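Subject: Structure handover and notes

Hello,

Please find the structure below, with the notes I promised.

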Amino acid sequence: MKPGVQAGFGGDLLGSELLGQIRKHGFEVVRAEAGHDPAAVAGEILDAVMTPLVICTTIEQMRALPREAMIEVGNEPDLKHFLDRDFGGSADQWHWTSLSAVDYCAGSAQRLFLGAVSNLNTRGLGWLKRLPWHMLPVSVGCSFHRYPETGSYTQGHDGLTREEEFEALRQIVGNRPLALTETGYSRAEWKPMARQGHALRFERDFWAVRGVEIGILYQLNDGLGSGVLDGYGLRTAAGTWRPQLVEAWVKPAAVEPVEPVEPVEPVEPVEPAPVPVPTVWKVPINQIVPGVFTLSGTLTLTLAGAPVEPEPPVPEPEPEPEPTPDLYDLHVWVKDAKSAGIPGAGITRMSNGEERTTSGEGHTHFAVSGPDHYAITAAGFVGTVADLPPGRHNVHLAREIQASRPGGVRLENHGYVDDDGPFLSCDYTDMSALRLYEHDNARYVENCREMRSRGATAHRILGMVGWPGREIDARRPDLAELTRATIQTSYGLGLRTRFTMFADLNVLPSHSNPSRPMAMPERREHARAMARDLRGITHMLEAIEVCNEPGHTQYNGPWTAEQMVEIARIIKAELPQVLVGCGAPWGDPHSATNWTEENYRALMAQGVDLAFPHFDRDLGKHDGEYRPIRQPWEACLMGYPFVNSEPIGPGSSVAAEDHEGRLRAAATFTWLARGASYCYHPNAGIGYNSDELIASEPGADVVFDGARILAPDTPQFSAFNWHWEGNPFITVEGSLSDKPVHERGSLRTTSGVNGGRFQTQVLRVTAGCTLRARWPVRFDLYHGADTGPYELRERDRTINAGGTIEIGPCVDTLLIGRLT
């Protein structure tokens, strides 16, 4: 069986590098949706020396494919939402397209597979019977999907065995080519990974020995959530391969394949003719000639043809019952490095496969007879095996550190991309990182580890600091070496660096004249020298910012736009592949600096890559505590790439925010407003008055949670405010901006739309809100409470045009889906 993988949705291209990885791992077939450019979809797969199996819903898509491509008509038409999406909800349309494809492929020499049903259950097999297989050429193959509907991979559907399922399929479609075009086991239901791999290996071998030609594993990548559909990936959502699952699918079958046989008409059973039963006498030997034989036993004499009553069987003696061992309690608490309980951790008793899942406190219980080994795993943590006797035990897991993403960071439209594709940048402030690296390395490393495990992709560090007693002196001769070492270490811990080159120049004097701050000529030379020393590690940088809050008088007078642009161009000339911005060109909170919209536009017009606004933290203005959340919309309207560089956070100056839900919603809103990055800005990261770990600050556990739900290319979506025509939803009661907070409505219902995809955030609902769909939509709904991560409340909700949905009170709610 040729191993394949589902790796293309919506016609998106995968790229030669990723396809090369797929080929290198042993896959021979890639299943992908045709999209609007089927030739490009199939062409790049063929260029990677693999066979494309392209899902088509029209004859026009089929005609665009090269002859080497295989065609599959539709995807799971037996499920209503796919029938609606692909064939206008009409089974007749699917039937007509399938038979038209037979006519087309007969003259094109392209291989064709029909069916594509969602499972080999009663519904799927019944759907296959709709096609006249007995009239179709034997070269037309049948495709089908097979997923477990119980907790066992050896059990069939609807009362059938696995073998009976296969025979039922053959009876319907005859002896024609078969392709298993989707199967898989989700980690959300099949834990630990070794069990998932064992199930995949069984699945592959089961179909291979029955002559199935192609086996497609669903799917290449995990989703961004934690539900069942998000756990099928051969790779993590970040692109890290899982070799154990790959090997389970691409290895050869365990036994030789069985040749398929033609189905035959059932034959009525024939009653066999009666056979004479011989007469059997059994006599004890010592009763034949008493006193002569000393042998004991039984002599059997048989007389053929004489009927005899069968001798009743001698009952076997009942086996002695095994003694029941004494059982003892084993209590296990699974905890992180800080002794906080880890809920949802999986514990498997290795001797018998008995499984448990920990409670909200990280606790579970076994009844055991003695010591045993236990495999312990939890999402986001490094698993372990523990030898535990009966009793009470704490098992601590270290947080998992994922490798940093490869390649340099680039801008595509408004969002960040690298060699792994688009991503949502999750930054955090660590202004004292250079000093911590040198003087408190353990805390620096712990900051990196803990924040990476919470979803951070980069941290923001300052290249100079003038805080008394905590200085980072720009005049020290080894500043470049210290900066490189800090950046390299953080990259090894999974983080890139956003580097702010100038800060606190009023207390960091000139090299030549300690009585005055660093003048412009020295700023030029410092920028040039630092940039040159960063060559060779540019892939470790997310971006470089010329200066922090350039309107401050700390720079011996505010920087002019011309000065900032000049320094930015010096850096760009030395590091052309790095994104460079000037600073925070914004009017608030430093309104005296005149960093207005005109300054912003003047900077961007001079070729600067992106801007780093610091939004106002004044909570006494319009929208109150939600004002800092929705301010990125003002940057979105200007139409230039930006980073939410220093948003309000726990312990921030002017005003602070330690409400988990609002911090989480602020990051989500930034990405939907087309911001490339959101920076978590807590007191511990600001650094001049705290020695706490950054991960201990309020909101650190959930601030980046929206990144696991939103698409990685969210900043490339078109953004629509609550009352704009392009928004998929109408807010029936309107905005809360001009209403008392107890009334119905939302503060904002903001949507990003890209092709058929949409992502909507309903922000601040206090008394309920009604949304009306402008067009037919299908979506998942995530509820954002005051604390904790987003909670998946509904999966695949469908609303027709004009239909409504009620949103209850919340900090925010996300609707992630497609226009149908």
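The notes cover one helix, one strand, the cysteines and the salt bridges.

Please keep in mind that this is a predicted model.

Helix α12

Helix α12 covers residues 479–492. At 1.5 Å a residue its 14 residues should span 20 Å, and the end C-alpha atoms are indeed 20 Å apart, so the expected and modelled spans agree. The buried residues in α12 are L479, A480, L482, T483, T486, I487, S490 and Y491. Viewed down the helix axis, the buried residues of α12 stay within an arc of 165 degrees, which means that they line one face of the helix. The cover over these residues includes helices α10 (433–439), α11 (441–453) and α13 (520–533). Strands β22 (458–462), β23 (496–502) and β24 (541–547) are also among the elements that cover them. Just after α12 comes G494, which has a positive phi of about 100 degrees.

Strand β33

Strand β33 runs over residues 777–784, and eight of its eight residues are buried. Neither face is left open: V777, F779, L781 and H783 are buried on one side, and R778, D780, Y782 and G784 are buried on the other.

Which strands pair with β33? One is β34 (residues 791–799), antiparallel to β33 and joined to it by six bridges. In that pairing, V777 has I799 of β34 as its bridge partner. Six residues lie between the two strands of this hairpin, and G788 there takes a positive phi near 85 degrees. Strand β36 (residues 810–819) also runs antiparallel to β33, with eight bridges between them. Here D780 is partnered by I816 of β36.

Cysteines

How many disulfides does a search of the whole structure find? The count is zero. C105, for example, is in no disulfide: the nearest cysteine sulfur belongs to C56 and is 8.7 Å away. The cut-off for a disulfide is 2.5 Å between the sulfur atoms, so a pair at 8.7 Å does not qualify. C105 has a relative accessible area of 8%, and therefore counts as buried. C448 is buried too, because its relative accessibility is 0%.

Salt bridges

Side chains of opposite charge can pair when their charged atoms come close. The search of the whole structure gives 51 salt bridges. Three of them are described here, followed by a network.

- R85 and D86 form a salt bridge, with 2.7 Å between the closest N and O atoms. R85 is partly exposed, at 32% relative accessibility, whereas D86 is buried at 16%.
- R349 and E354 form a salt bridge, with the closest N and O atoms 3.3 Å apart. In this pair the arginine, R349, is buried at 10% relative accessibility, while E354 is partly exposed at 22%.
- R664 and D812 form a salt bridge, the closest N and O atoms being 3.1 Å apart. R664 belongs to helix α18 (residues 660–672) and D812 to strand β36, so this pair ties together parts that are 148 residues apart in sequence. Both R664 and D812 are buried.

As for the network, D427, R460, R498, E545, R617 and E646 are joined into one by salt bridges that share partners.

Two of the topics above meet in β36: this strand pairs with β33, and D812, the salt-bridge partner of R664, lies in it.

Regards

Notes:
Residues numbered from 1 in each chain as written. Predicted model: local features only at pLDDT ≥ 70, side-chain atom pairs only at ≥ 80, totals over all residues. Heavy atoms only, no water. Helix = DSSP H or I, 4+ residues; strand = E, 2+ residues; numbered from the N terminus. Expected span 1.5 Å × (residues − 1). Buried < 20%, exposed > 50% of the residue type's maximum accessible area, 1.4 Å probe, protein only. Arc of directions from axis to C-beta. Contact = heavy atoms within 4.5 Å. Pairing = 2+ DSSP bridges. Salt bridge = Lys/Arg side-chain N within 4 Å of Asp/Glu carboxyl O.
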